[in-house]
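Work through the exercises below with the model open. Try each task before you read its solution.

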Amino acid sequence: ALFVLRILSVIFIVFALARPQSTEVSTDTLKKEGIDIMIAMDVSTSMLAEDFKPNRLEAAKELAIEFIKRRKNDRIGLVIYSGESFTQCPLTTDHDIVINMMKKVRTGLIDDGTAIGLGLANCVNRLKDSKADSKIIILLTDGENNTGFIDPITAADIAREYSIKTYTVGVGSYGTAPYPAGVDIFGNTMYLDVPAQIDENMLSLVADTTNGIYFRADKKSELAKVYEEIDSLQKTEIEELKFYSVTEKYFLFACLAFFCFFLDLVFNYSVFKRIV
């Protein structure tokens with residue numbers, strides 16, 4: 001019995017010296033700095049054409065809001081332009097503000113026209129000092145550059161210098177689109193069929209210059225797909241962190257070794273005491 005106790009003591013001491021441990025692993029995610037996105041929205045009167053329901057502008061606003069809601073980690077800003085351009089909302093992570101400002105966008109806020117170059121340059125000015133790893137512009141228009149003192153290609157060259165990628169979107173159906181031209185004596189809306197005049201060559205060149213992509217959306221469902229594709233192309237990187245919680249188990253074996261050694265001593269000088 002004493003021999004067995006001594007053997008057990010040695011075995012438990014060996015186990016204790018081996019430092020047995022149990023490990024629990026927990027995983028957490030660390031979101032990196034998001035993408036800075038400026039949306040340039042054309043608010044010229046031609047955006048009231050009703051080939052999109054209820055019209056081009058309202059459809060573009062609705063889908064832009066859905067896009068903003070999906071970009072939870074990004075800073076987003078809004079520029080509107082027609083004959084002139086101004087910043088409706090600077091870059092912010094408070095998406096509720098951007099959405100509220102988007103809802104207030106309408107035609108007639110500034111002089112009519114389509115100053116695509118000014119709208120693009122305004123976005124570049126908002127993004128050029130950004131420290132984000134990725135900076136993009138989403139520019140929507142249904143026409144061609146016909147006013148403003150900055151050419152769209154010049155603005156695109158400036159965007160490229162600041163590594164700002166531009167996605168251009170031509171909004172409007174092929175052929176003609178119904179445009180509200182007033183009301184008749186009975187109060188009914190009168191429509192004119194207005195031809196689409198999207199300068200696709202220029203929009204493609206702007207996108208290519210900045211390593212972006214040009215999209216043509218001839219109906220609301222296609223515009224929704226454009227936002228979805230941009231959303232998939234521009235992802236915020238996420239790091240995964242693993243935390244290891246280690247619990248030492250040697251103390252149990254040390255106690256067992258001490259207990260066996262203690263019993264050995266007690267029995268050696270009591271029950272199994274030898275008489276010489």
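**Exercise 1. A hairpin**

How many residues lie between strand 7 and strand 8 in their hairpin, and which residue in the turn has a positive phi?

Solution. Note that the model is a predicted one. Start with the two strands: strand 7 covers residues 176-183 and strand 8 covers residues 189-195. They run antiparallel and are joined by 7 bridges. To fix the register, take Tyr179, which stands opposite Leu192 in strand 8. Now go to the turn. The hairpin has 5 residues between its strands. Gly187 is the turn residue with a positive phi, about 85°.

**Exercise 2. The open sheet**

Give the strand order of the open sheet with 6 strands, and name its edge strands.

Solution. Read the order across the sheet: 4-3-2-5-6-9. The pairing is mixed. Strand 4 (85-92) and strand 9 each pair on one side only, and these are the edge strands. Next, look at the turn from strand to strand: neighbours are rotated by 15° on average, direction ignored. Finally, pick one pair inside the order. Strand 2 and strand 3 are parallel, with 7 bridges. Ile39 faces Leu78 of strand 3 in the pairing.

**Exercise 3. Two helices**

At what angle do the axes of helix 2 and helix 3 cross, and which residues make the contact?

Solution. Locate helix 2 at residues 56-70 and helix 3 at residues 95-103. Their axes come within 10 Å and cross at roughly 180°. Angles over 145 degrees count as roughly antiparallel, so helix 2 is roughly antiparallel to helix 3. From helix 2, the contact uses Lys61, Ala64, Ile65, Ile68 and Lys69. From helix 3, it uses His95, Val98, Ile99, Met102 and Lys103. Sort these residues by type: 6 are nonpolar, 1 is polar and 3 are charged.

**Exercise 4. The nonpolar cores**

Which residues of the largest nonpolar core touch the most other members, and which element gives the largest share?

Solution. The core has 36 residues. Ile39, Met41, Leu140, Val169 and Leu223 touch the most other members. Elements giving two or more residues include strand 5 (135-141), strand 6 (164-171) and helix 7 (220-233). Helix 2 gives the largest share, with 8 residues. Zoom in on Val169. Beyond four places in sequence, its contacts include Ile138, Leu140, Phe215, Leu223 and Val226. Then look for a second, separate core: it holds 23 residues, among them Val124, Ala156, Leu203 and Tyr214.

**Exercise 5. A loop glycine**

Is Gly83 buried or exposed?

Solution. Find Gly83 in the loop between strand 3 and strand 4. Its relative accessible area is 11%. The cut-off for buried is under 20%, so Gly83 is buried. Beyond four places in sequence, its contacts include Asp111, Gly113, Leu118 and Thr147. Check one distance too: the C-alpha atoms of Gly83 and Asn145 are 9.5 Å apart, across 62 residues of chain.

**Exercise 6. Backbone exceptions**

Which peptide bond is cis, with omega near 0°?

Solution. Recall the background: most residues other than glycine have a negative phi, and most peptide bonds are trans. The bond from Lys53 to Pro54 is cis. Pro54 sits in the loop between strand 2 and helix 2. Now turn to phi. Ser163 has a positive value of about 55°, and it lies in the loop between helix 5 (152-161) and strand 6. Asn211 has a phi near 65°, also positive, and belongs to the loop between helix 6 (200-209) and strand 9. Last, check accessibility. Ser163 is exposed at 58%, and Asn211 is exposed at 61%.

Terms used
Residues numbered from 1 in each chain as written. Predicted model: local features only at pLDDT ≥ 70, side-chain atom pairs only at ≥ 80, totals over all residues. Heavy atoms only, no water. Axes fitted to C-alpha atoms, helices over the stretch in contact; angles between N-to-C directions. Helix = DSSP H or I, 4+ residues; strand = E, 2+ residues; numbered from the N terminus. Parallel < 35°, antiparallel > 145°, perpendicular 65-115°, else oblique. Contact = heavy atoms within 4.5 Å. Nonpolar A, V, L, I, M, F, W, Y, C, P; charged D, E, K, R; others polar. Core = buried A, V, L, I, M, F, W, Y, C linked by side-chain atoms within 4.5 Å. Buried < 20%, exposed > 50% of the residue type's maximum accessible area, 1.4 Å probe, protein only. Pairing = 2+ DSSP bridges.
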